[in-house]
Amino acid sequence: MTDAPAALLTDRIAVSLSGELQEVLDAFSNLHGLVGEAGFYPRLADFFDKAIGYDAVSIFEFRRDLQPRVLFAQGIGTDGDLKKYLGGLYLLDPYFDLYENQGQTGFFRLQDDDQSDVDMSEAYKKYWQSLALSSEIGGLLELRPGHCLHLSFMFGERGADQLDRVGAFLEAVEKMTLTLCRSHQSAARDSDDSDQVDRRQIHAAVSSVLRNFGADLLTAREQEVAHQLLKGQSAKSIARHLDISPGTASIHRSNVYQKLGVMGQGDLFSLFLSELTKR
């Protein structure tokens, strides 16, 4: 059994989709028996499938200055979708940004409406919607400084009440899950690091594409605005981030679109994609 006591579960466990508290504790006890083994992540995913009934799941490793690594994936999406994501789209993933650039952890809801906990750009939304998703609840569990496990649970059509219950359950078992995954990471030496050099090189290459996007046509300030637009920021948000007026941010945005010959964020995303494929 993990060393996380049952007291870590909040009263919200009573409304979880998994049923009785003892069943949850038994499931975690069984998972603990797989700590350090190759079958750990598939069984972890199976536990959450029984508990919350997702349509697809992806478990990623996020490490600073490295391309993400897929530890397990099942459901909606194809190898091609993951290839696009790992090929550079992860830089626009709100969850990657939350951890890599903002240092946040916990569970967050991503939706195409005002119920979303995080912003999603029109650019990334194109990719996200191609997976036939209507919502995603993702966890960012820091295994150690600069090393994060990203649990991504994806759903088709779900009611707000259902998603609220899913979110409550995930938050209730967050600490137990984190303790369990830290034990696995320590026992397994976090899988195989033999690809670390390649992943670092890929991350450096795609980061360079983003950093230099539009450099031959845009001013330095316009480049900053283009980066923010790709990440889904509005003119108001860009103004706050760059400490400029909203009017100035709007002018920069218009200049970016005009100079790059695009009509909006969606076209900007397509242009960025084409640059990624050229590298």
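## Close-up views of a predicted model

**View 1. Glu222 and Lys259 form a salt bridge between two helices.** Let us start with Glu222, a buried residue with a relative accessible area of 4%. This is a predicted model, and in it the side chain of Glu222 meets that of Lys259 at 2.9 Å, N to O. The two partners come from distant parts of the chain: Glu222 belongs to helix α9 and Lys259 to helix α11, 37 residues apart. Is Lys259 buried or partly exposed? With 36% relative accessibility, Lys259 counts as partly exposed.

**View 2. Within helix α9, Arg221 and Glu224 make a salt bridge.** Their closest N and O atoms are 3.0 Å apart. Why are these two residues separated by about one helical turn? They are 3 residues apart in α9, which puts about one helical turn between them. A general rule helps here: an α-helix has 3.6 residues a turn, so residues three or four places apart point the same way. Both partners are partly exposed, Glu224 with a relative accessible area of 34% and Arg221 at 30%.

**View 3. Helix α10 has buried residues covered by other helices, among them α9 and α11.** Which residues of α10 (residues 235–242) are buried? They are Ala235, Ser237, Ile238, Ala239 and Leu242. Their cover includes α9 (220–230) and α11 (246–260). Just after α10 comes Asp243, and its phi is positive, near 60°.

**View 4. Strands β1 and β2 form an antiparallel hairpin.** Strand β1 covers residues 56–63 and strand β2 residues 69–75, and 6 bridges pair them. Look for Val57, which stands opposite Gln74 in β2. The hairpin has 5 residues between the strands, and here Asp65 takes a positive phi near 70°. Glu61 and Arg63 are both buried, and their side chains meet in a salt bridge at 3.9 Å, N to O.

**View 5. Phe62 takes part in aromatic pairs with Phe60 and with Phe96.** The structure holds 12 aromatic pairs. Phe60 and Phe62 are stacked, 6.3 Å centre to centre with 25° between the planes. Why is the pair of Phe62 and Phe96 called edge-to-face? Their ring centres lie 5.2 Å apart and their planes stand at 80°, so the pair is edge-to-face. This pair also links distant parts of the chain, because 34 residues separate Phe62 in strand β1 from Phe96 in helix α4 (residues 94–100). Both Phe62 and Phe96 are buried, and Phe60 is buried too.

**View 6. Strand β3 is largely enclosed by the rest of the structure.** How many of the 6 residues of β3 (residues 106–111) are buried? The count is 6 of the 6, so the strand is largely enclosed. Gly106, Phe108 and Leu110 point one way, whereas Phe107, Arg109 and Gln111 point the other way. That fits a general pattern: in a regular strand the side chains alternate between the two faces of the sheet. On the pairing side, β3 runs antiparallel to strand β4 (residues 135–144), and 6 bridges join them. Phe108 stands opposite Gly138 in β4.

**View 7. The charged end of Arg64 sits over the ring of Tyr99.** The charged end lies 4.8 Å from the centre of the ring.

How values were computed
Residues numbered from 1 in each chain as written. Heavy atoms only, no water. Buried < 20%, exposed > 50% of the residue type's maximum accessible area, 1.4 Å probe, protein only. Helix = DSSP H or I, 4+ residues; strand = E, 2+ residues; numbered from the N terminus. Contact = heavy atoms within 4.5 Å. Pairing = 2+ DSSP bridges. Phe/Tyr/Trp six-rings, centres within 6.5 Å; stacked < 30°, edge-to-face > 60°. Lys NZ or Arg CZ within 6 Å of the ring centre and 35° of its normal. Salt bridge = Lys/Arg side-chain N within 4 Å of Asp/Glu carboxyl O.
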